[in-house]
Amino acid sequence: MELDSQTKSLIVSAKLGNKEALNHLFARYQSRVLRVVRLRLTPDLRHKLGLQSMDILQEVFMYAFKHLKDFEPKSQGHFLNWLSKKVQHYIYDRLDYISREKRKAPQGKISIEQEFIPKGETSKMKIQLKDKGPTPYQIAVIKEKKEIIDSLLDLLEPEQKEIIINRDLEELTFKEIGKLYDKSEDAVRKQYTRAFKKLIELSEEKLKPLIAELTYKEYKDGF
Amino acid sequence: MDFDNILLEILNEFIKNENIDIEKYCNRYPQYKDALLDKLIIAKLIKQSFREEDLSGKN
C-alpha cells in the first residue's frame, strides 16, 4: 500500500526537525508498532521489559525517528516494517544494557524503568503524547480482542506468525514480503492464507463469547 | 472438495476482497453453510482487530 500523503509530509517535516510532526507520527503509529514489537518478543521478554510504560515507549520512538533522516519510505508497509525494526533494535540494546548493569550490581539494584541512553545517543529525549482516541468502552473491547488474538498468534509456527505480522500489522504487500524472504508473491500468498486459516481455527472458541457480546447478528448481517 | 479446501478457496478470495459474496459459496456448499459463516465471522473479526489498532493510534 502506498504511503498516504499526510504521513509523507509528516516524515518530511520531522526530518527537518519539526517537533509537532514527530508528535503526529508518534500518535499515528505508536499503537501499531508497539503491538508488532511485543508480538516479536518472547513472552518472557515482554514481561521483563514492561512495555506498557509510556515513558519507555516515547524514548523508543524518539530513538527510531532520530534515524528518519537516513530513510526513504517506499510504501506504508516499508515504513511500518522499518519503524518496528528500529524499535526492536532499541529494545535489544536496552536488554543488553540491563544485563550488563545487572552483572555489575548483582544485588539486583537495577530497574528496567531507569533512565537509559541508547548506543550512539547523547541524552534522554521526550516527546509530547497526544491523547486522541476511542472511548473507554471501545478501548476495553479492542484490548480484549487484541489480547486474545495476540495470544493465539503465539501458538502459530514462527514463520506463520511473522507473515501475519508482515501482512496485517506492517501492511506489507505480498510482493514486498516475497522480497524479504526471497519467495514468489504467489508462494507468500498461499503461505499467508494457510497461516490465516490456522489463526481462524485457533480463534474460534475464544472469540465466540466476544462475538456474542458484540451481537452475533450484526456480524452475520455484515456478509 | 473437502471442507478445508473449500475454506482455503474462500479465504483466498476473502484476502483479496473482504466483502466477498458468501451467499455464492453457501449455495454451492449448502452442507457447510453454517460452518462457513462462522469461519468468516471470525476472519472478519480478526482482520478488524488488526485495523482497530489504528483507533488509538492514527488520527
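A residue is called buried here if 20 or more other C-beta atoms lie within 10 Å of its own. Everything below comes from a predicted model.

**View 1. Chain A is a helical chain with 28% of its residues buried.** That share is taken over the 223 residues of chain A. The secondary structure amounts to 10 helices and zero strands, so reading from the N terminus you simply get α-α-α-α-α-α-α-α-α-α. Contacts reach well along the sequence: of those in chain A with a separation of 6 or more, 71% join residues 24 or more positions apart.

**View 2. Two domains of chain A touch each other.** The domain assignment splits chain A into domain 1 (5-104) and domain 2 (136-221). Where they meet, 13 residues of domain 1 are in contact with 10 residues of domain 2. On the domain 1 side, the elements giving two or more residues are α2 (19-40) and α5 (76-104) of chain A. Helix α5(A) supplies the largest share, six residues. By type, this side of domain 1 divides into four nonpolar, six polar and three charged residues.

**View 3. The largest nonpolar core has 53 residues.** Look for V33(A), A64(A), V87(A) and L199(A), the residues with the most contacts inside this core. Helix α2(A) gives the most to the core, nine residues. The core lies between domain 1 (5-104) and domain 2 (136-221) of chain A, because both give residues to it. As a general matter, nonpolar side chains tend to be buried together in soluble globular proteins.

**View 4. A closer look at A64(A) and its contacts.** This residue is one of those with the most contacts inside the largest nonpolar core. Setting aside neighbours within four places in sequence, A64(A) is in contact with L83(A), K86(A), V87(A) and Y90(A). Of these partners, V87(A) is also named among the core residues with the most contacts.

**View 5. Helix α7 of chain A has a span close to the expected one.** This helix covers residues 158-169, 12 residues in total. From first C-alpha to last, α7(A) reaches 15 Å, close to the 16 Å expected at 1.5 Å a residue. Its buried residues are K161(A), I163(A), I164(A), I165(A), N166(A), R167(A), D168(A) and L169(A). Just past the helix, E171(A) takes a positive phi of about 60°.

**View 6. F3(B) sits in the helix α1 of chain B.** Chain B comes to three helices and zero strands, and F3(B) is found in α1 (residues 3-16). Is F3(B) buried or exposed? Neither, quite: F3(B) is partly exposed, because 13 other C-beta atoms lie within 10 Å, and buried would take 20 or more. Beyond its neighbours within four places in sequence, F3(B) is in contact with Y32(B) and A35(B). The C-alpha atoms of F3(B) and Y32(B) are separated by 7.5 Å, although the two residues are 29 apart along the chain.

**View 7. Confidence varies along chain B.** The mean pLDDT of chain B is 85, with 88% of its residues reaching 70 or more. Among its elements, α1(B) has the highest mean, 94, and helix α3 (residues 33-57) the lowest, 81. Over residues 54-59 of chain B, pLDDT stays under 50, and the model has 19 contacts beyond four places in sequence for this stretch. Where pLDDT is low, predicted coordinates should not be read in detail. For the complex, the predictor gives an ipTM of 0.90 and a pTM of 0.74.

How values were computed: Residues are numbered from 1 along each chain as its sequence is written. Chains are lettered from A and ligands numbered from 1 in the order in which they are written. This is a predicted model: local features need pLDDT of at least 70, side-chain atom pairs count only at pLDDT 80 or more; totals for chains, interfaces and linings use all residues. Domain bounds come from an automatic or database domain assignment. Two residues are in contact if their C-beta atoms, placed from the backbone, lie within 7 Å. Helices (H or I, at least four residues) and strands (E, at least two) are DSSP runs, numbered from the N terminus. Ala, Val, Leu, Ile, Met, Phe, Trp, Tyr, Cys and Pro count as nonpolar, Asp, Glu, Lys and Arg as charged, and the others, Gly among them, as polar. The expected span of a helix is 1.5 Å times one less than its number of residues. A residue is buried if 20 or more other C-beta atoms lie within 10 Å of its own, exposed if 12 or fewer, and partly exposed in between; C-beta atoms are placed from the backbone. A nonpolar core is a set of buried Ala, Val, Leu, Ile, Met, Phe, Trp, Tyr and Cys residues joined through C-beta atoms within 7 Å. pLDDT is the predictor's confidence in each residue, from 0 to 100.
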